[in-house]
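Reader: I am new to this structure. Please take one part and walk me through it closely, then show me how the surroundings fit.

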Amino acid sequence: MTTENRGLDRRTFIRGAFAAAVAVPITVSLASCSSGGGTTSSGTKSSTNPFGIADSSKIEAVIFNGGYGYDYVTFAAKLVDKKWKTTSTVTPQTNIAQSLQPRFVGGNPPDLIDNSGANQIGFNTILKSLETLDDVFDANNYEGKKISDTLYPNVKVPGTFSNKFVAMNYVMTVYAVWYSASLFEQNSWTPPKTWDEALDLGAKAKAAGKYLFVWGKEAATYYLTLALDSAIKEGGEDVLNSVNNLEKNAWSQKPIQDVFNKLAEIVQAGYFIPGGAGTQFTAAQAKWSNDQQAILYPSGGWIENEMKNATKSGFKMTGAPEPTVTSSSKMPYEALRAAAGEPYIVPSQGKNVAGGKEIMRAMLSKDSATNFSKTRLAPTIVKGLVPSDGFGSTALVSQTTMLDKAGQNIFDWEFSSLYGLNTDQLVIWNAFLSGQADVAALTTQMQAISDKAAASK
C-alpha cells in the first residue's frame, strides 16, 4: 500500500488528462530566505556540460529513505564523480521537512533533495526557492540523446506549479488490474476488457471454486481507483475534470454511474471474497497472490514488491488495463492512469546548483535508470530500458508493455490525496463492497465528501 506524495499543494488542480498542471497563485512563506547559499565557482557551459559544473567541486544530496531506498542515487552520483572529479555526498533521511526546512530558512539547503514521504516539505512553502528544471529535460543525457525525447509523456505535470517546472518526479506508477498469467493460462482465461467480460469471468471463477475480486479494509478505495479510471476511459477528459475539480453532481455522470452499476452487479453476484471490511489489506491481498482464492486485484505497480513474501511460487504477476463499459469508449482500452512520483528538487541557494542538476542528468541516463529498474523492479520516467525478461519480473514487463501500448493515452487524477479524502471514502467503499450500501448511497456519499472538500478550498 502506498501513499501518493507528488507534492501538490491543496489549491493546485491538474486539469485534463493530457495537459500540464494549472495552479492558482501560491503564497510562499520561505521566499525571503536569507542569503548564504549560492553556487560554487562554475565551469564553462557546453553541450557536454550543460549546467556548467565545476571540476572537483562538492555536491550534497539528501534523499528520502523510503520504499526505494537511496543507493540508486549514490549510483548516479558516482557516475558524476567519475566524469567530473567531483565529491558527492548522498545522505538518507526519513523526515525531510523537519531536517531540511531550517536549512532553507538559513539559506544553506543541499544541492539535490528527494522531497518525498509523509514528511515532505510542502511545495507551497518553498516554490520560489527552487530552480526550474526545464534545462535538465532540454539537456542531453550521458548517451548524447536529448533527455525529453527519452521520457514517457506528461512527466512534467506533477512537478509543475504556477507554470513552473520545479520537481523532477523519477518513478512511474502504473495503475492496473493484476492477475497470475500462469493461472489464467491453465484455465484459458483472458483479462476482461469490458465490465460484461468481467462478469462472465466472475462466473467462470466461481465455477472453478474461486472469486473474481478481494479487498481489505484499508484498501477498499483501490476499487474507487478502478471505477474512476474505467469511467474516465469511457467518458473522456470531461469526467476527469469534473471529479478532479470537485464539481457539483460529478459523481452522477453517466460513465461513473455505469461503472458503479457494473460493480454492484459483481458484488450482488457474490464475486468478491466476503469479509473484506474486517480483513487487513495485506492479508486480503495474500488471498489473491498466495492462496489464489481471488483471480483479479486492482492496485498500483508497487504490488509486486509489497507482496514479495506472500506470493505463490510460479505466480506470473501481470498487469492489464482497467476494463471499460463498452468497446466504443472515448479513450481506448489501452489507456492508463499512470503518474510520475518521487519528486526531486534543486534549491536555488544550494552551494552547487549545477552539481544538483548534474546528478539528475545522470539519473536520467541509461545506466542509472536501468540500475533503478533492475534493483527496484519499477519503471522510471525513462522509457525503453526494461529488457524483455524484465530482470526476471513479469510485473515489470507488463508495466512497461502497458505504458508503451498506452502511448499518449496516459492520465492522472489527484483530488483524493490532494484534499486528504481517503479516510472518509474508505467508509462508504467498505460498505459498498460488503453489499451494505447501494449505488445511490455510494453516489450520495462520494458527492458529499467532494462537496465538503470544495467548501473548504
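Reader: Which residues does Ser398 touch, not counting residues up to four places away in sequence? Please start there and work outwards.

Author: In this predicted model, Ser398 touches Trp178, Thr318 and Gly319, leaving aside residues up to four places away in sequence. One of these partners, Gly319, also takes part in a polar contact. The side chain of Ser398 reaches the backbone nitrogen of Gly319 at 3.0 Å.

Now place the residue. Ser398 sits in helix H14, which covers residues 394-406. Is Ser398 buried or exposed? Its relative accessibility is 6%, so Ser398 counts as buried; the cut-off for that is under 20%.

Sequence distance can be set beside distance in space. Take Asn352 and Ser398, which are 46 residues apart along the chain. Their C-alpha atoms are separated by 39 Å.

Next comes a pocket. Helix H14 helps to line the second largest pocket, whose space is about 250 Å³. Two elements give two or more residues to the lining of this pocket: strand S10 (317-320) and H14. H14 gives the most, with four residues. The lining has 13 residues in total. Nearest the centre of the pocket lie Gly319, Ala320, Pro321, Met402 and Lys405. Gly319 is thus a familiar name, being the residue whose backbone nitrogen the Ser398 side chain reaches. By class, the pocket lining holds six nonpolar, four polar and three charged residues.

Then there are the cavities. The count of cavities of 30 Å³ or more comes to two. The second largest cavity has a volume of about 50 Å³. Its lining is made of Val177, Pro191, Pro192, Trp195, Ala198, Phe213, Leu296, Ala320, Pro321 and Pro323. Ala320 and Pro321 are listed here, and they are also among the residues nearest the centre of the second largest pocket. What classes do the cavity-lining residues fall into? There are 10 nonpolar, no polar and no charged residues.

Two other places add to the picture. One is helix H12, residues 353-363, which is mostly covered. Of its 11 residues, 11 are buried. Among them are Val353, Lys357, Glu358, Ile359, Arg361 and Met363. The other place is the loop between strand S12 (410-411) and helix H15 (415-418), where Asp412 lies. Asp412 is buried, with a relative accessible area of 12%. The side chain of Asp412 is joined to the side chain of Arg337 by a polar contact of 2.9 Å.

Finally, step back to the whole protein chain. It has 17 helices and 12 strands. Its radius of gyration is 23 Å, close to the 23 Å that the globule rule gives for 457 residues, so the chain is as compact as a globular protein of that length. The C-alpha atoms fill a box of roughly 70 × 50 × 40 Å, taken along the principal axes. Buried residues make up 58% of the 457 residues, and Ser398 counts as buried too. Contacts can be sorted by sequence distance as well. Among those between residues at least 6 apart in sequence, 77% join residues at least 24 apart.

Note on methods
Residues numbered from 1 in each chain as written. Predicted model: local features only at pLDDT ≥ 70, side-chain atom pairs only at ≥ 80, totals over all residues. Heavy atoms only, no water. Buried < 20%, exposed > 50% of the residue type's maximum accessible area, 1.4 Å probe, protein only. Contact = heavy atoms within 4.5 Å. Polar contact = N/O pair within 3.5 Å; in protein donor to acceptor, adjacent residues only side chain to side chain. 1 Å grid on protein atoms, 1.4 Å probe; cavity = no way out; pocket = protein on both sides within 12 Å on 5 of 7 lines; lining within 4 Å. Points joined across faces, edges and corners; volume = space filled by probe spheres on them. Nonpolar A, V, L, I, M, F, W, Y, C, P; charged D, E, K, R; others polar. Rg over C-alpha atoms; globule rule 2.2 N^0.38 Å.
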